[in-house]
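Trainee: Could you walk me through this one before I get lost in the side chains?

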Amino acid sequence: MHSSELEDFFYKRLIQLRYEKNVSARDMSLSIGQNENYINMIENKRSFPSMQAFFYICEYFDIHPKEFFDDGVEHPVQMHMVYEKLKQLDDKKYAHIMQLVDDLLEPK
């Protein structure tokens, strides 16, 4: 990706994640310790977050920065939640989940 494509992806991903969390730009801004217009300014391409602010944004969504930029994952927050739960399974339960996923992905 070129830098302009990366920036566009960033803006779109931020909006997507915020909508999925069902939170206003104002509430998110205040939750990450910024002024009430901070997220709105970013989403409207009038500002870009510092690296530290980006980490706060990722922390707010409970995702890793890598997950934020993984364009192969449409819903990174949900994927992260599933991954965290899968890590708690024993081998037998994990094998069962893998079989279920394989069954779901099988062409009909």
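Mentor: Sure, here come some questions and answers on the core, the helix packing and a few single residues.

Mentor: Keep in mind that this is a predicted model.

Trainee: Which helix supplies the largest share of the largest nonpolar core?

Mentor: That core has 20 residues, and Leu14, Met28, Ile39, Ile42, Ile57, Phe61 and Phe68 touch the most other members. Helix 1 (3-21), helix 2 (25-31), helix 3 (38-43) and helix 4 (51-61) each put in at least two residues. The largest share, 6 residues, belongs to helix 4.

Trainee: Beyond its neighbours within four places in sequence, which residues is Met28 in contact with?

Mentor: Met28 is among the core residues that touch the most other members. Leaving aside those sequence neighbours, its contacts are Leu14, Arg18, Val23, Ile39, Ile57, Tyr60 and Phe61.

Trainee: Are helix 1 and helix 4 roughly parallel or roughly antiparallel?

Mentor: Their axes are 11 Å apart and the packing angle is about 30 degrees. Angles under 35 degrees count as roughly parallel. So helix 1 and helix 4 are roughly parallel.

Trainee: And how do the residues of that contact divide into nonpolar, polar and charged?

Mentor: Helix 1 brings Phe10, Leu14, Leu17, Arg18 and Lys21, while helix 4 brings Phe54, Ile57, Tyr60 and Phe61. The crossing is left-handed, by the way. The split is 7 nonpolar, no polar and 2 charged.

Trainee: What about helix 1 and helix 6: how do the residues of their contact divide?

Mentor: Here the axes come within 9 Å and cross at roughly 65 degrees. Arg13, Gln16, Leu17 and Glu20 of helix 1 meet Pro76, Val77 and Gln78 of helix 6. That gives 3 nonpolar, 2 polar and 2 charged.

Trainee: Is His80 buried or exposed?

Mentor: His80 sits in helix 6. Leaving aside neighbours within four places in sequence, it is in contact with Asp62, Ile63 and Glu67. Buried means under 20% relative accessible area. His80 has 14% relative accessibility, so it counts as buried.

Trainee: Where is Asp62 found, and is Asp62 buried or exposed?

Mentor: Asp62 has a positive phi of about 60 degrees although it is not a glycine. It is found in the loop between helix 4 and helix 5 (65-69). With 51% relative accessibility, Asp62 counts as exposed.

Trainee: And Asn22, what is its phi near?

Mentor: Asn22 is in the loop between helix 1 and helix 2. At 70% relative accessibility, Asn22 counts as exposed. Its phi is positive in a residue other than glycine, near 60 degrees.

Key:
Residues are numbered from 1 along each chain as its sequence is written. This is a predicted model: local features need pLDDT of at least 70, side-chain atom pairs count only at pLDDT 80 or more; totals for chains, interfaces and linings use all residues. Side-chain values use heavy atoms; hydrogens and water are left out. A nonpolar core is a set of buried Ala, Val, Leu, Ile, Met, Phe, Trp, Tyr and Cys residues joined through side-chain atoms within 4.5 Å. Buried means under 20% relative accessible area, exposed over 50%, partly exposed in between (1.4 Å probe, protein chains only). Helices (H or I, at least four residues) and strands (E, at least two) are DSSP runs, numbered from the N terminus. Contact means heavy atoms within 4.5 Å. Axes are lines fitted to C-alpha atoms, for helices over the stretch in contact, and angles run from 0 to 180 degrees between N-to-C directions. Ala, Val, Leu, Ile, Met, Phe, Trp, Tyr, Cys and Pro count as nonpolar, Asp, Glu, Lys and Arg as charged, and the others, Gly among them, as polar. Angles under 35 degrees count as roughly parallel, over 145 as roughly antiparallel, 65 to 115 as roughly perpendicular and the rest as oblique. A crossing is left-handed if the near helix is turned anticlockwise from the far one by less than a right angle, and right-handed if clockwise.
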